[in-house]
Each structure stands twice: as structure tokens, then as C-alpha cells.
Amino acid sequence: MKKTFYIILICIIFASLFLYTSKDNGKYKILGYEDAAHLYLDLNKNNQIEENELVDIKDCIPVSVQEKRTPNLNLTPIQKLYLEYKFKEWADKNLINKKVILIKDNDDCISFYIDNIDYRIFIIKNGFAQTDNKSLLKNIKIDELKNILTQIEAQNYVVVNLKSNKYHKLDCPLIAKLHNYKIVPFIEVKGISTPCKLCHSHKKHNKSHHFNYKIYPTKYPSSYSIDNIFTIFFINFNNLKHPYNDCKIPACKALQKEINEAQRSIDFAVYGIQNEPQILNALIKAQKRGVNIRWVTDYTPNNDEYYKDNEKVMKLLPLYNTDKTSTPSAIMHNKFFIFDNKKVWTGSANLTSTDLSNFNANYVALINSPQVSAYYKAEFEKMYNGTFHKAKSHTSTNYIYLNKSLIVKPLFSPKASTTENIIIPIIDNAKSYIFMPIFFLTDKRIAEHLISAKVRGVDIKIIMDATNANGKYSLCKTLRLAKIPTKVENKAGKMHMKAIIADDKYSIIGSMNYTKSGNQINDENTLVIENSDIAKYLKGSFLIMWNSIPEKYLYLSPSAESFASIGSCNDGIDNDFDGKTDNLDEGCFPFSKK
């Protein structure tokens, strides 16, 4: 008897342990939503929103869809806006992070119960979704829903911008640009908030009317200059079918012009050279006419495989050095030229057809200043003489006044502590906005300070490259969970910038990615710019890129080489650095579920 008793007891214990450890096996967390009828569920249970985790709610159609409607429910644009907002308000409080057991059909459409309520009936009953399913409509009182919708316009609802405390009519065109807002009856804000000048103007809204806000055109100036001292170049990723090596964009032309006009010396440091024949030919011609050309580059097996022209250029331009004998994990990642010790060309662009065409997004600056050139020359000499990375001495730099309103300061990793001395202080002191177009962000300290800035009311927007967003150490999820709007680009080309724009005052560009390696190990250069006009120009370029990326990529993270990233499956480029290009990559298989 005792033996039987112990056997039963052991079975009960193991059964209990199994039930305890597997009680959530059939449950999936709701991570986000596109609308009431499309939810993101954590199907692979990694607590991160992914594109293949968007699921349809069975027999439900978004309230915004025109083709089908709940019978006799003809929604006006104002009613739709109100219902979409009310769903968002309810979902943020009651839906996100809930665990549900799915009821799935053969078409991968789902339904479930939440707090003992059939989710489908709830969203249809409240007007958050539509349906033509007769069995569902039996639960809906159409007349009651119509009365609610009629009251929406009768009560004179308005949209309140929680940041500016201005209120807008529900048909105001500015509403599409708002992120932090609330829809309330006008009586609640009367005498407390101020009216929007646009939608409360007595003038008729029309295209010819000039409103008191900035519209950023689809086409944007590719450069902005201050006198003959400083020019900033904006290289946008414009969904090219593939990169070009014709050196037609202004940033490349400016580099070619400076090479052609150099009289005595050209010193440059580049991570790699690939498929830029016009720049290479210009350098060879300069060398033939007596210009002393010296250069430094990175040396790692992977880099030489990717930048295959490096070895050829070493033969053609023999005065060079590499970091071959340095720490294997460190890289010489600079991208700068010095012309006749007078001018500097620098930024995030490598000497490649991907960076010097409108394929990858980059910022580049041309600075006409012997003082600035002297700092870059001092850094260059150390590397050319064989000292790289942490073995280098610190190149101490000061702020340089290029004119009364334009101040710059170059910094050189790894000795400058750029993150601690420049990036974090600018984030901490921002009062209005911080915009960041970035290739890599893995430094948790930067993310923590961005989250603190968000909490105190700073408007933060981040564009992240798809390669980083899906990486092991990516902070994309961390930023999104902190409600920081973070878009992941869906282009074939890279978001290759390493930039910050803040408060119409500060701009940061350069070669340094926002990683611990970029700050503490690699050879990098960063340029801090203090000037209102340049910051405003870069802000406009950022918003051009931001608006070109669909809103769904505030939640989704498309793979760098997949049909979701426009043109990446037929551009001849290994966009996700996995050794597979175009149709050889799983993300580009015609019937891939990836």
C-alpha cells in the first residue's frame, strides 16, 4: 500500500509541475495593434513585435475600410476618427500585454475572449470594427450605435494636443501630424486650451492658403551652405533599384572637386573603398600632378572581402597604413579627407557606390577651416604612423567659431569619450525635440537618457536601420516599450547616418555608431555643430525620411533583405550581411513565410 501511495504522490507532483510550467503554453501575449481587426500577437514568444505576427480577427473589418460596412452604418470621417481614437484609448489600457487563448480557423483568422467577453462582439458593438457576419450582428443593436455616432458630432468633440494644449476641429489637417493627443467634448477645454489658428480661422481651408506650420516637400535640397565656410550634404535613400557609381550626387561631386583642386596634399582615412572609379581616378590624377596623397584604412578579413577595391587602391596609392597589427575586434572606421591642410570633408559616407549615391542615407560636411583641418591632421598622423585605437594619445580639441553663429567641435574615438562628453549632455539638455537617424544603437546608456528625455516631455523620433533593429543587441524594442516613436526603415539601402538633431540648435554627424565599440574601441570621428540654420535644415531632411516610411513600421521591423524592404530582393546587394544576395536569401524566396 505504501509503495502504491508514493507512486501516486510522485505522479501528482510531476503532473502539478507540468501544469505549472506549461500553463501559459497555449496563451499568447497581445503586443500591439494596427487597428481593432489586426493585432500583433507574440506567436514565437520572444516578447518582440515581428511582421509575421500580425493576425486577423475573424469576420471583422477595420472601421476605416470603405468596401464593407456593418449594415446601414454610414460613417462620416469625423465619426471614424472618433471611433479609431476610442479603440486606441481602450486598447492601450485593456488590451496590450493581455494573454489570450486563440480560437483559430483554417484561414489563420482568429477570435478570443478577453475578461470573459467575446472580443469580436465587443469591437463590433462599440463601432471599432465592422462585419457582414449575420450571427455576430445578432448581438449588435444597430440603432443604439447610430445614436452614439450621431451624438459625437452633436456634442462638438475636439482634438487636444497634449503637448501644446491647443485644440483642433476633428477635420483639421494638422491632426495627422499629432502623436500625443486626446479627443474630448469642447465643453471640457473651453477657456482652458487655445484654439488652433488653422482650423478655427474664418478663412476657407484651401491649398493656396498659407498656414502657420511647416510643410516638408517630397523633394528636399541636397545641401545647405553658410558662406564659403561650411556645407552640409543630405544623401537620401530614394528607393533606387541598385547603387550607381557615376558620382552625380552633390556630396560626391564636392569630394571630386576638392580632389581635383588640391595643390599640395590629400590625407584621408576611410573604412573601405568599393566601386567608386571617378573618385579613384581623380586621386590618381592628383598624384600624377604632384599632390602628396597618403591614406589609412581598416584591415580585417571581413572588411577586405566587402571592400574589395582596398587591395587595388593600395597598389595605385602606395603611401598608406592599416590597423593590421592592432586589436582584432577594433576597426578603423573613420571617413574623412583633408585637403591642403585647409579643408575637411567628413561624415558617415564610405567611398562606396552604396554611400555616394542616393542608395544609403548619409550626412556629409565640407568645412573650409585651417583650424578644423589641424585637428583632423593631428589624428591622421597618429594612424599613418602606425598608432591606432586605444594605443593612440588623445587628440584634444576645442570649440571653433567658424563665424559668429556657427560653432563646431570635432571629437575622435576612442579617447574623446564622445558619448559621455557630448551625446548624453545634449540629450539631457534638450527641451523641445531630439531627432535621430541612426545605423546602430546598442549603447544602453544612450537609450536610458532618451527615455528620461521622453518622460520630461521632449519630442523624440528615431529612424533605425533594419539591420540593427533586428539584431541581437538592438534597443529598438526598449525604445518602443518606452513609447518613443521608433521607425525601422523599409528601403533597400541603409539608414547609414549616425546623427542627432536637437532643439533647432545642435547637430551631430560623423562616423561613430552609437555603440560601446564606437565610443570606446574603434577609430572614429564625430562633429558637433551648433547653428540654428543647419539644425533646421537637418530637421527638415529627417522629416522627409520619416514621412517616407509607413506608419506600420513604428511597430513592425522589416527584414533588411526581404520583400518588405523595397527593392532589396533585386539590387545585387547583400543587405543583411548574411552572405546571401537577393533570391539566394530566404527573405526573398517567392513563397517564403519569413
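Biologist: Which residue in E12 stands opposite Val-158?
Modeller: This is a predicted model. In it, strand E11 (residues 157-161) and strand E12 (residues 166-169) run antiparallel, joined by 4 bridges. Opposite Val-158 in E12 stands Lys-169.

Biologist: Which residue in the turn of the E11 and E12 hairpin has a positive phi?
Modeller: Most residues other than glycine have a negative phi, and most peptide bonds are trans. The hairpin of E11 and E12 leaves 4 residues between the strands. One residue in that turn has a phi of about 65 degrees, and that residue is Asn-165.

Biologist: How many bridges join E11 to strand E13?
Modeller: E13 covers residues 181-185 and runs antiparallel to E11. One pairing matches Val-159 of E11 with Ile-183 of E13. The number of bridges between E11 and E13 is 5.

Biologist: Which residues point the other way from E11 than Tyr-157, Val-159 and Asn-161?
Modeller: In a regular strand the side chains alternate between the two faces of the sheet. In E11, Tyr-157, Val-159 and Asn-161 point one way, and they are buried. The residues that point the other way are buried too: Val-158 and Val-160.

Biologist: How many of the 5 residues of strand E11 are buried?
Modeller: Buried means under 20% relative accessible area. Strand E11 is largely enclosed by the rest of the structure, because its buried residues number 5 of the 5.

Biologist: Turn to Lys-335. Which side chain of opposite charge is nearest to Lys-335?
Modeller: Lys-335 lies in strand E21 (residues 335-339). Lys-335 is buried yet has no salt bridge. A salt bridge needs a side-chain nitrogen of Lys or Arg within 4 Å of a carboxyl oxygen of Asp or Glu. The nearest side chain of opposite charge is 6.0 Å away, and it belongs to Glu-524.

Biologist: Which residue's backbone oxygen does the side chain of Lys-335 reach?
Modeller: Lys-335 has no salt bridge. Its side chain does reach a backbone oxygen, at 3.1 Å. That oxygen belongs to His-333.

Biologist: Which His does Lys-335 touch, not counting residues up to four places away in sequence?
Modeller: Residues up to four places away in sequence are left out of this list. Among the residues that Lys-335 touches are Tyr-271, Trp-345, Ser-511 and Asn-525. The list also includes a histidine, His-496.

Biologist: How many disulfides does the structure hold?
Modeller: A disulfide is a covalent bond between the sulfur atoms of two cysteines. Cys-247 and Cys-252 form one, with their sulfur atoms 2.1 Å apart. The total for the structure is 1.

Biologist: Is the link of Cys-247 and Cys-252 left-handed or right-handed?
Modeller: Both partners are buried: Cys-247 has a relative accessible area of 2%, and Cys-252 is at 0%. The angle about the S-S bond is -105 degrees. That makes the link of Cys-247 and Cys-252 left-handed.

Biologist: Is Cys-476 buried or exposed?
Modeller: The cut-off for buried is under 20% relative accessible area. Cys-196 has 4%, so it counts as buried. Cys-476 has a relative accessible area of 2%, so it is buried.

Biologist: Where is Pro-414 found?
Modeller: The peptide bond from Ser-413 to Pro-414 is cis, with omega near 10 degrees. Strand E26 spans 406-413 and helix H11 spans 418-429. Pro-414 is found in the loop between E26 and H11.

Biologist: What is the phi of Lys-45 near?
Modeller: Lys-45 sits in the loop between strand E2 (38-41) and strand E3 (54-57). Lys-45 is partly exposed, with a relative accessible area of 42%. Its phi is positive, though the residue is not glycine, and is near 55 degrees.

Biologist: What is the relative accessibility of Asp-503?
Modeller: Asp-503 is in the loop between strand E30 (500-502) and strand E31 (506-510). Asp-503 is not a glycine, but has a positive phi of about 55 degrees. Asp-503 counts as partly exposed, because its relative accessibility is 23%.

Biologist: What separates the C-alpha atoms of Tyr-28 and Lys-98?
Modeller: Tyr-28 is in strand E1 (residues 27-35). Tyr-28 touches several residues, including Lys-45, Lys-98 and Val-100. Tyr-28 and Lys-98 are 70 residues apart along the chain, yet the separation of their C-alpha atoms is 8.1 Å.

Biologist: How many strands are there in the protein chain?
Modeller: Of the 594 residues in the protein chain, 51% are buried. The chain has 16 helices, and its strands number 32.

How values were computed:
Residues are numbered from 1 along each chain as its sequence is written. This is a predicted model: local features need pLDDT of at least 70, side-chain atom pairs count only at pLDDT 80 or more; totals for chains, interfaces and linings use all residues. Side-chain values use heavy atoms; hydrogens and water are left out. Helices (H or I, at least four residues) and strands (E, at least two) are DSSP runs, numbered from the N terminus. Buried means under 20% relative accessible area, exposed over 50%, partly exposed in between (1.4 Å probe, protein chains only). Lys and Arg count as positive and Asp and Glu as negative; His and the chain ends are not counted. A polar contact is a pair of N or O atoms within 3.5 Å; within protein, one must be able to donate a hydrogen and the other to accept it, and residues adjacent in sequence count only if both atoms are side-chain atoms. Contact means heavy atoms within 4.5 Å. Two strands pair if DSSP finds at least two bridges between them. A disulfide is a pair of cysteine sulfur atoms within 2.5 Å.
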